[in-house]
Amino acid sequence: MECSHKNILLKKVRKEIFDMSFEAKTSVCSDCGAYLRDNKYEQKYMHWLKGIYQERRDKFQTQCYFSKNLIKCALTYLEGYPGISPTVFMRALVTIYFSVVDSDKKKSALLESLLDSEIYDSFSNDKNRKKVNIQFKPKMMIELIAVSEFLELSPSAIVEEVVIKLMTVITSQDKRLREFWENEIRGYLDMFLKTA
Ligand SMILES: [Zn+2]
């Protein structure tokens, strides 16, 4: 039976993130032990994270490896966006993917059904790779960590997968993938890159 969290106590709880620990008081159910993080707790957590973001920028980076061919395709695409580096572009792709595609079941199912596995595999199986560090803002990093804990993958592995997916969309000639790109991604990307 589901607990209705009737017996609440204010307790200090600890959260491990980036090999550091964050401690703050929040409501904890004494029956089932659930942490009912309230706004005050979330605010403290964001404040703490922003402090870490200022001091330890490296903690908000994912170290990815991409096929040189994929990077070449990204550079070709970026010819239309002077001054934008591949890492800024990749950060934009990941952020847009999570806010537009992944949060919408219909869109993510559509994308999965359309993906060109030949292109996808050629990017992901290529052993000729280059290291790319991608920097994220605190909010996006929290989301990445949450997804990575859920899927039991590293944040870097998730970023690699998302970038490969969207680069497959960009480089495909398939009409429906092109439409997906134009209708679902392109506008957000242009907006994101304009403010980058
Ligand atoms: Zn409970």
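Student: In which crossing, left-handed or right-handed, does α2 pass α7?
Tutor: Keep in mind that this is a predicted model, where local features need pLDDT of at least 70, side-chain atom pairs count only at pLDDT 80 or more, and totals for chains, interfaces and linings use all residues. Residues are numbered from 1 along each chain as its sequence is written, and the helices (H or I, at least four residues) and strands (E, at least two) are DSSP runs, numbered from the N terminus. A crossing is left-handed if the near helix is turned anticlockwise from the far one by less than a right angle, and right-handed if clockwise. For α2 passing α7, the crossing is left-handed.

Student: What is α2 to α7 in terms of orientation?
Tutor: Axes are lines fitted to C-alpha atoms, for helices over the stretch in contact, with angles from 0 to 180 degrees between N-to-C directions. Angles under 35 degrees count as roughly parallel, over 145 as roughly antiparallel, 65 to 115 as roughly perpendicular and the rest as oblique. The axes of α2 and α7 come within 11 Å and cross at roughly 55°. Therefore, α2 is to α7 oblique.

Student: How many nonpolar residues does the contact of α2 with α7 have?
Tutor: From α2 come Leu70, Cys73, Ala74 and Tyr77, which meet Ile164, Met167, Ile170 and Thr171 of α7; contact here puts C-beta atoms, placed from the backbone, within 7 Å. Ala, Val, Leu, Ile, Met, Phe, Trp, Tyr, Cys and Pro count as nonpolar, Asp, Glu, Lys and Arg as charged, and the others, Gly among them, as polar. There is one polar residue and no charged residue in the contact of α2 with α7, and the number of nonpolar residues is seven.

Student: Nice. Which element gives the most to the largest nonpolar core?
Tutor: Such a core is a set of buried Ala, Val, Leu, Ile, Met, Phe, Trp, Tyr and Cys residues joined through C-beta atoms within 7 Å. The largest nonpolar core has 32 residues, of which Leu93, Val159, Val162, Val163 and Leu166 touch the most other members. Elements giving two or more residues to this core include β4 (61-67), β5 (129-135) and α6 (138-151). With nine residues, the element that gives the most is α7.

Student: Is Val163 buried or exposed?
Tutor: Val163 lies in helix α7 and, beyond residues up to four places away in sequence, touches Phe66, Met90, Leu93 and Val94. A residue is buried if 20 or more other C-beta atoms lie within 10 Å of its own, exposed if 12 or fewer, and partly exposed in between, with C-beta atoms placed from the backbone. Because 24 other C-beta atoms lie within 10 Å, Val163 is buried.

Student: How are α4 and α8 oriented to each other?
Tutor: Lys107, Leu110, Leu111 and Leu114 in α4 meet Arg176, Leu177, Phe180 and Glu184 in α8. α4 and helix α8 (residues 175-195) pack with their axes 10 Å apart, at an angle of about 150°. Therefore, α4 and α8 are, to each other, roughly antiparallel.

Student: How far apart in space are Asp104 and Glu184, C-alpha to C-alpha?
Tutor: Asp104 is placed in the loop between α3 (86-101) and α4 (105-114). With 13 other C-beta atoms within 10 Å, Asp104 is partly exposed. Asp104 and Glu184 are 80 residues apart in sequence, and their C-alpha to C-alpha separation in space is 11 Å.

How values were computed:
Contact = placed C-beta atoms within 7 Å.
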